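Work through the exercises below with the model open. Each task is followed by a solution in steps.

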Number of protein chains: 2
Amino acid sequence: MRLTTKGRYAVTALLDLAIHADQGPVNLADISRRQGISLSYLEQLFAKLRRSELVCSIRGPGGGYRLGRKPQSIRIAQIIDAVNESVDATKCQGKGNCQQGETCLTHHLWQDLSEQIHDFLGSISLSDLIARSEIKRIAQQQDKRHEMLTPPELDGARIAATFLQ
Amino acid sequence: MRLTTKGRYAVTALLDLAIHADQGPVNLADISRRQGISLSYLEQLFAKLRRSELVCSIRGPGGGYRLGRKPQSIRIAQIIDAVNESVDATKCQGKGNCQQGETCLTHHLWQDLSEQIHDFLGSISLSDLIARSEIKRIAQQQDKRHEMLTPPELDGARIAATFLQ
DNA sequence: CAAAAGTTGACTGAAACAGTGGGGTATCAG
DNA sequence: CTGATACCCCACTGTTTCAGTCAACTTTTG
Ligand code: FES
Ligand code: FES
């Protein structure tokens, strides 16, 4: 089992996407700025998310990504499965044969743990996360800090400042 | 968060140790044979387990390792903590500052998950595992397969066969 | 058409994992 | 005393994954 930045980034990005869904398609450059994730790395992750049909893409100017389904039916476990190999904690991938074809002493323990984690992450949907008050607050601060590039007229100096940090 | 062979091996080895505790100190070579874990690798793991006082060692011929405490009070979470860095699932190690000092969108989710895993692994002790019927059965088969080198008189040819597989 | 966006693939440095090897040192049986 | 047995310690290595970069596409809109 492994849970690293990869899975965390994927969930963060999808949550950002869900929060800004009402403003039309969201492009990766915005997510990259707001969440501090490398743009190229995001592209890799979204390629996998698209293959799992968790998001769909709209190409061309004004395009971006949209959620593939309703936020209520997107579970955290599915997001992690899409980018990571799985949250399985056993060595044998549940086959029970990691010791020369025999079941090892601790197989059942890891199987129970896997089930526990999967149930937990499977019980939480994107909309559950959006509903949490702390998350709303954090998202607003992030929007404010990056000054909403879409609604007002774009200001060249300000964009340059954003890119050059 | 990561849960790999390292933590699994540590739990497996300690469980083997607990099962064979009634026959005096258990040496690593026996654990290595029974559980199919590299001897040198086991030594590294036991160095850490000893530092955490989960086991104590007896040197010299007839020596080996013994549990540092009663099996009831050794929790799986402690074993994994001893060899692995931790089962924390957050990026910030619980500090809430992984985005340039600010709390990231998904911090609370990972914190909840960490707590969930820690509670689960912290609620299970070595003696809980020993009590499970499947584990008793598997341990008996392992003992049988490796022919109990201690009780009967040692047979040169048989030992050679074991070493040469 | 040109610019904005997504799409794809190859590539990289760093870290961790899983394991090997070789030299120790304490202890006990004979 | 001596040598075998076991733990102890440290340096090293091949492989994999992560996290990220770079460059060259294609599609779509204004
Ligand atoms: S983890 Fe499944 S048999 Fe060992
Ligand atoms: S995981 Fe704690 S702040 Fe991001």
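A residue is near a molecule or strand if one of its heavy atoms lies within 4 Å of it. The model is predicted: local features need pLDDT of at least 70, side-chain atom pairs count only at pLDDT 80 or more, and totals for chains, interfaces and linings use all residues. Side-chain values use heavy atoms, without hydrogens and water, residues are numbered from 1 along each chain as its sequence is written, and chains are lettered from A and ligands numbered from 1 in the order in which they are written.

**Exercise 1.** Describe the protein surface near DNA strand C.

Step 1. DNA strand C is surrounded by 26 residues, and the closest include Tyr65(A), Thr5(B) and Arg59(B).

Step 2. Sort these residues by class, where Ala, Val, Leu, Ile, Met, Phe, Trp, Tyr, Cys and Pro are nonpolar, Asp, Glu, Lys and Arg charged, and the others, Gly among them, polar. The division is 7 nonpolar, 13 polar and 6 charged.

Step 3. Turn to the DNA side: of the atoms of DNA strand C within 4 Å of the protein, 63% belong to sugar or phosphate, and the rest to bases.

Step 4. List polar contacts to phosphate oxygens of DNA strand C (a polar contact is a pair of N or O atoms within 3.5 Å; within protein, one must be able to donate a hydrogen and the other to accept it, and residues adjacent in sequence count only if both atoms are side-chain atoms). A polar side-chain atom of Ser57(A) lies 2.9 Å from such an oxygen, one of Arg2(B) 3.0 Å, and one of Thr5(B) 2.3 Å.

**Exercise 2.** Classify the aromatic pair of Phe46(B) and Tyr65(B), and place both residues in the chain.

Step 1. Rings of Phe, Tyr and Trp (its six-membered ring) pair if their centres lie within 6.5 Å; planes under 30 degrees apart count as stacked, over 60 as edge-to-face and the rest as tilted.

Step 2. Phe46(B) is buried, at a relative accessible area of 0% (buried is under 20%, exposed over 50%, partly exposed in between, with a 1.4 Å probe and protein chains only). Tyr65(B), at 16%, is buried as well.

Step 3. The ring centres of Phe46(B) and Tyr65(B) are 4.7 Å apart and the planes meet at 45 degrees, so the pair is tilted.

Step 4. Helices (H or I, at least four residues) and strands (E, at least two) are DSSP runs, numbered from the N terminus. Phe46(B) is in helix 3 (residues 39-51) of chain B and Tyr65(B) in strand 2 (residues 64-67) of chain B, 19 residues apart.
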